[in-house]
Amino acid sequence: HAYEAPEARVRVFHPKGFEVSIPDEPGISLFAFHGNLNEEFDGLEAGRWARDIPRAKKGRWTFRDRETKLNLGDTLYFWTYVIYNGLGYRQDEGAHV
């Protein structure tokens with residue numbers, strides 16, 4: 001069957017900061033996170049956050065933001081991109097409320 005990018009996990013920290021990550025697995029060579037706060041994407045635009053994560057740490061590929069405060073009612077919209085065995089795979093239309 002076809003490869004599917006792992007589902008991203010979102011963790012929100014208080015008073016500020018958040019992280020989005022996927023589990024490491026053999027064959028993954030890059031994880032990219034693209035996110036917006038309270039603004040949906042129009043297609044595959046870069047977004048407020050657009051970061052390539054070149055290596056896994058402690059078994060996860062993780063994007064971290066230590067400064068942004070997420071308030072009750074905020075929505076984090078995102079899409080992710082994984083390079084697996086040399087080919088790119090997206091997970092679109094992620095949202096965390």
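I'll start with one residue pair: Thr 80 has Gln 91, in strand E7, as its bridge partner. Before going on, note that this is a predicted model.

That pair brings us to E6 and E7. The two strands run antiparallel and are joined by eight bridges. They belong to an open sheet of four strands, in the order E4-E3-E6-E7, paired antiparallel. At the edges are E4 and E7, the latter covering 87–96, and each of these pairs on one side only. On average, neighbouring strands in the sheet are turned by 15° against each other, ignoring direction.

Next, the core. The largest nonpolar core has 19 residues, and the members touching the most others are Phe 18, Val 20, Phe 31 and Phe 33. Strands E2 (18–23), E3 (28–37), E4 (49–53), E5 (60–65) and E6 (76–84) each give two or more residues to this core. E3 gives the most, with four.

What is Phe 18 in contact with, leaving aside its neighbours within four places in sequence? The list is Arg 11, Val 12, Phe 13, Phe 33, Trp 49, Phe 63, Arg 64, Asp 65, Thr 68, Leu 70 and Leu 76.

Last, the pockets. The largest pocket has a volume of about 260 Å³. Its lining includes the charged residues Glu 19, Asp 52, Arg 55, Lys 57, Lys 58, Arg 60 and Arg 64. Ile 53, Pro 54, Trp 61 and Thr 62 also line this pocket. E4 and E5 are the elements that give two or more residues to the lining, and E5 gives the most, with four.

Notes. Residues numbered from 1 in each chain as written. Predicted model: local features only at pLDDT ≥ 70, side-chain atom pairs only at ≥ 80, totals over all residues. Heavy atoms only, no water. Core = buried A, V, L, I, M, F, W, Y, C linked by side-chain atoms within 4.5 Å. Buried < 20%, exposed > 50% of the residue type's maximum accessible area, 1.4 Å probe, protein only. Contact = heavy atoms within 4.5 Å. Pairing = 2+ DSSP bridges. Axes fitted to C-alpha atoms, helices over the stretch in contact; angles between N-to-C directions. 1 Å grid on protein atoms, 1.4 Å probe; cavity = no way out; pocket = protein on both sides within 12 Å on 5 of 7 lines; lining within 4 Å. Points joined across faces, edges and corners; volume = space filled by probe spheres on them.
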